[in-house]
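Biologist: Please take a close look with me at how the side chains meet one another in this model, starting with the polar ones and then moving on to the rings.

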Amino acid sequence: MGSIMPSMTYAQVGEHRHDFSIGFMGGYTMNKMDFVPKIKQSMKGSPMVGFASRYVCEKYFTTICAVELELQYNNLGWKEVIEDGSDNTYKRDWYFIEMPILMQMGWGRERKGLKFLFEAGPQVGLYLSGKEHRGGAEWNTSNRPNGVVYQYGKDPDRKFDYGIAAGLGLEFSSPVGHFLLQGRYYYGLSDMFDNSKRGDFGRSANQTVLVKMTYLFDIIRTKGDNIK
């Protein structure tokens, strides 16, 4: 009896998996900056591309647990809504390399069929370069709301970005690989401009919505006739 109980307890903990997949992804990013003082903006859209890898480590009851690591090239920045009576327009491109490291939980079919996904974890990014786009017959900043003009012509004071990402998705698995449709939100915790007493902004962080497609193919698969 004593030998049976430990084995039953172990069986209930989870079924180990050793599935490793790699692939590529593409999608569309919508970004704005959380500025203090506030700058009125609309969402700035841009395509993104990248690579993805995933390690599935365990099935715990009906939950399939995995770790997903991605490397993506993204164009963030912001697009201002200027309402000062002028015809000025302004958009800033900020090019980043980003690396999300996400814990992923799935419910559904592992090998053939549909699975629902939830994922969350930290994300870091490195600023590479930027570009300003100014429009209007005559560029005039004298009537900007609250007199906030510090952002014009100013490169970021910090090039390292970090925050938290979370999202939902659907995955269809087939003999030729895994096809994922994912939606994700990134909340930046770091400020790109100086937020000290000498700085111009109290906060200047990325806020990103991302929709993407990912294709993964298996490099290592756990063997077992009971895996469906």
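Modeller: Let's begin with a term. A polar contact is a pair of N or O atoms within 3.5 Å; within protein, one of them must be able to donate a hydrogen and the other to accept it, and residues adjacent in sequence count only if both atoms are side-chain atoms. This is a predicted model, where local features need pLDDT of at least 70 and side-chain atom pairs count only at pLDDT 80 or more, while totals for chains, interfaces and linings use all residues. Residues are numbered from 1 along each chain as its sequence is written, and side-chain values use heavy atoms, with hydrogens and water left out.

Now find Arg111. Its side chain reaches the backbone oxygen of Thr222 at 2.8 Å. Arg111 sits in the loop between β6 and β7; helices (H or I, at least four residues) and strands (E, at least two) are DSSP runs numbered from the N terminus. With a relative accessible area of 13%, Arg111 is buried. Buried means under 20% relative accessible area, exposed means over 50%, and partly exposed lies in between (1.4 Å probe, protein chains only). Leaving aside residues up to four places away in sequence, Arg111 touches Asp19, Ser173, Ser174, Arg221, Thr222, Ile227 and Lys228, where contact means heavy atoms within 4.5 Å.

One of those neighbours, Arg221, brings us to charges. Arg221 forms a salt bridge with Asp218, the closest N and O atoms being 3.4 Å apart; the term stands for a side-chain nitrogen of Lys or Arg within 4 Å of a carboxyl oxygen of Asp or Glu. Arg221 has 42% relative accessibility, so it counts as partly exposed, and Asp218 is partly exposed too, at 27%. Elsewhere, Glu15, Arg17, Lys59 and Glu110 are joined into one network by salt bridges that share partners. The count of salt bridges comes to 19. Among them is the one between Glu119 and Arg184, at 2.8 Å from N to O. Glu119 lies in strand β7 and Arg184 in strand β9, so this pair ties together parts that are 65 residues apart in sequence. Both Glu119 and Arg184 are buried. Another salt bridge joins Asp157 and Lys154, at 3.5 Å from N to O; here Asp157 is partly exposed at 41%, and Lys154 is partly exposed at 21%.

Next come the rings. A search of the whole structure finds 20 aromatic pairs. Rings of Phe, Tyr and Trp (its six-membered ring) pair if their centres lie within 6.5 Å; planes under 30 degrees apart count as stacked, over 60 as edge-to-face, and the rest as tilted. The ring centres of Phe35 and Phe193 are 6.4 Å apart and their planes meet at 15°, so this pair is stacked. Phe35 belongs to strand β1 (residues 15–36) and Phe193 to the loop between β9 (177–188) and β10 (203–220), so the two tie together parts 158 residues apart in sequence. Both Phe35 and Phe193 are buried. Phe193 also pairs with Trp94, this time edge-to-face, at 5.7 Å centre to centre with 70° between the planes. Trp94 lies in strand β6 (residues 89–108), so its pair with Phe193 links parts 99 residues apart in sequence.

These rings belong to a wider group: ring pairs link Phe35, Trp78, Tyr90, Trp94, Phe96, Tyr127, Trp139, Tyr150, Tyr152, Phe193 and Phe201 into a cluster. Look at Trp139 in that cluster: the charged end of Arg144 sits over its ring, 5.1 Å from the centre. A charge sits over a ring if NZ of Lys or CZ of Arg is within 6 Å of the ring centre and within 35 degrees of the ring normal.

Tyr127, another cluster member, is in strand β7 (residues 113–135) and counts as buried at 8% relative accessibility. Tyr127 touches Trp94, Tyr95, Phe96, Asp155, Pro156, Lys159 and Met192, not counting residues up to four places away in sequence. A polar atom of the Tyr127 side chain lies 2.9 Å from the backbone nitrogen of Gly130.

Finally, go back to β1, the strand that holds Phe35. β1 runs antiparallel to strand β3 (residues 44–60), joined by 15 bridges, with Asn31 standing opposite Lys44 in β3. β1 also pairs with β10 in the antiparallel sense over 17 bridges, and there Lys32 stands opposite Gln207. Two strands pair if DSSP finds at least two bridges between them.
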